[in-house]
Amino acid sequence: MVAPGFVFGLVLPLLLRADASADVGFRFASYIDNYMVLQKEPAGAVIWGYGVSGATVTVTLCQDQETIMKKVTSVKAHSNSWMVVLDPVKPGGPYEVMAQQILGRKNFTLRIHDVLFGDVWLCSGQSNMQMTVSQRLIARRHWSSQSVQKLVWVERSSFIPCFHGSNIRSLLLGAELNFKRGDFLQAQQELEDLAKVDLQWSKPTLENLGHGNFTYMSALCWLFGRYLHDTLRYPVGLISSSWAGTPIEAWSSERSLKACGVPRQGFMPSDLETGPSEYSVLWNAMIHPLRNMTLKGVIWYQGEANVNFNRDLYNCTFPALIEDWRQTFHDGSQGQTERFFPFGFVQLSSYLSGATPNDGLPEIRWHQTADFGYVPNLRMPNTFMAVAMDLCDRNSPFGSTHPRDKQTVAYRLHLGARAVAYGAKLTFQGPLPQKIELLGDMGLLNLTYSQPIQVQRHNKIFEKETRITCRHSGRR
């Protein structure tokens, strides 16, 4: 067995490249392809696809020409789909997955190779999640010719077990599921499979790591996975499904919007809309088709599009989205994805909005926590948050609401994931106030925190959340 390593995904293909013997009516689901990462133990990975009604399908997992396991099922008549749940597999690989359909004397076979088992994370949201590796603040340092050669050389050479004593397999995969606007005409209802995708699961290249602005690969998603891998030391698969300028209503199912009393007719201001804003359209086309996949967790960076659109409902729509995604992925994976899988998100950064004060961002930050001010909480269990208020980027060519420092955000997110998803004993949030005293005669608010803090003055931008002057105390 090749030692486990670091794995990412880029973008998945609509139709699988399979053996020439494969019948056009027999195929894997669109995101099941060569080089993919399947969820490791203790969960079982789900393999599914389409075939001829009534046919028998046998799925075989192999390694080094040795059969590890076989699962047999049949193609359902009403949906022409088939599905199996593999037994839990330890992290590592590579493996080959073979699916064989038998109907009478007809026999068709599909194969995918270089499949690894590890942890699979879904990354979603709007433009700050969609910003690519080439757009991040320190990209120039990493993308100089010598640095690129070093990066690619290290990642590729680690296929060789003796390279600097390392047995870590470094393979970068990912998925940036960005549909074209016209394809949403068919997304007025929940799709069973992806209509199309931009790029298949891939090994790293200069092209698919920095394809262009707001394309692929998501810098935040990629760096989050890198930090996780440095700790886990086994494969990590990343699926990035994001679209700039989109409100939470587009990523929410109709049932979750109804539960929050969201008006049936809603339109974003034209100056804010840059992506699809129709209710549930991105849920239908870009999230629901993934529901059968076994996941480890989700990270999310969204909310800017709701600062002036249904902002007062965000304290319901965001927790409702989390709950609905959890239920849907749990059911779709036959119970293999945890019912309350870890869900991380980024608290919105600050931005330069001109001379006129805008209370929208402070309010929606509060609503991001379901009005608790922190997570996890009673309404948002098993969640974690990365603060980004101190990362405003006044010189960002993409606007100050798009800070290029995604590395700090990714690091903070990975700390939350290690604590919440993996049970590590570390500090990933705070400091939280223990005591608040209003000194009215002095116009001061005295805060006593639960842990020592240090305040330093520098040139970065901080946004005023209140007009009250605060005096911070580091007392325990």
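1. Salt bridges, overall. In this predicted model, a search of the whole structure turns up 10 salt bridges. A few of them deserve a closer look, since they tell you something about how separate stretches of the chain are connected; I'll take those one by one.

2. D87 and K71. These two residues form a salt bridge, with 2.8 Å between the closest N and O atoms. The pair links distant parts of the chain: K71 belongs to strand β6 (residues 66-74), while D87 sits in the loop between β7 (81-85) and β8 (92-103), 16 residues apart. As for exposure, D87 counts as partly exposed because its relative accessibility is 36%. K71 also falls in the partly exposed class, at 22%. With the buried class ending under 20%, K71 stays out of it at 22%.

3. E192 and R291. Here the side chains meet in a salt bridge at 2.3 Å, N to O. E192 lies in the loop between β10 (170-174) and α4 (206-209), and R291 in the loop between α7 (281-287) and β12 (297-301), so this bridge ties together parts that are 99 residues apart in sequence. Are the two partners buried or exposed, or somewhere in between? E192 is partly exposed, at 41% relative accessibility, whereas R291 is buried, at 13%.

4. E323 and R339. Another salt bridge joins this pair, and its closest N and O atoms are 2.4 Å apart. E323 is in helix α8 (residues 314-332) and R339 is in the loop between α8 and β13 (343-346), so to speak a helix-to-loop link across 16 residues. The glutamate, E323, is partly exposed with a relative accessible area of 34%. R339 counts as buried because its relative accessibility is 19%, and the cut-off for buried is under 20%.

5. A small network. Salt bridges also come linked to one another here: E190, R255 and D324 are joined into one network through shared partners.

6. Cis peptide bonds. Two bonds are worth checking by eye. From G93 to P94 the peptide bond is cis, with omega near 5°, and P94 has its place in strand β8. From V375 to P376 the bond is cis too, with omega near -5°. P376 lies in a loop, the one between α9 (360-368) and β14 (383-386).

7. Positive phi. Which residue other than glycine has a phi near 75°? That is Y35, found in the loop between β2 (27-28) and β3 (37-39). Y35 is buried, its relative accessible area being 18%. Q334 is another non-glycine residue with a positive phi, near 60°. Its place is the loop between α8 and β13, and Q334 is partly exposed, with a relative accessible area of 49%. Since exposed begins over 50%, Q334 remains in the partly exposed class at 49%.

8. Helices α5 and α10. The axes of α5 (residues 219-232) and α10 (residues 406-420) come within 8 Å and cross at roughly 50°. That angle makes α5 oblique to α10, and α5 passes α10 in a right-handed crossing.

9. What makes that contact. On the α5 side, the contributing residues are A219, L220, L223, F224, Y227, L228 and T231. On the α10 side they are K406, Q407, V409, A410, Y411, L413, H414, A417 and R418. How do the residues of this contact divide by type? There are 11 nonpolar, 3 polar and 2 charged residues.

10. The overall picture. The protein has 10 helices and 17 strands. Of its 476 residues, 54% count as buried. Among contacts between residues at least 6 apart in sequence, 74% join residues at least 24 apart. The bridge between E192 and R291, with its 99-residue separation, is a handy place to see such a long-range link on the model.

Notes:
Residues numbered from 1 in each chain as written. Predicted model: local features only at pLDDT ≥ 70, side-chain atom pairs only at ≥ 80, totals over all residues. Heavy atoms only, no water. Salt bridge = Lys/Arg side-chain N within 4 Å of Asp/Glu carboxyl O. Helix = DSSP H or I, 4+ residues; strand = E, 2+ residues; numbered from the N terminus. Buried < 20%, exposed > 50% of the residue type's maximum accessible area, 1.4 Å probe, protein only. Axes fitted to C-alpha atoms, helices over the stretch in contact; angles between N-to-C directions. Parallel < 35°, antiparallel > 145°, perpendicular 65-115°, else oblique. Left-handed = near helix turned anticlockwise from the far one by under 90°. Contact = heavy atoms within 4.5 Å. Nonpolar A, V, L, I, M, F, W, Y, C, P; charged D, E, K, R; others polar.
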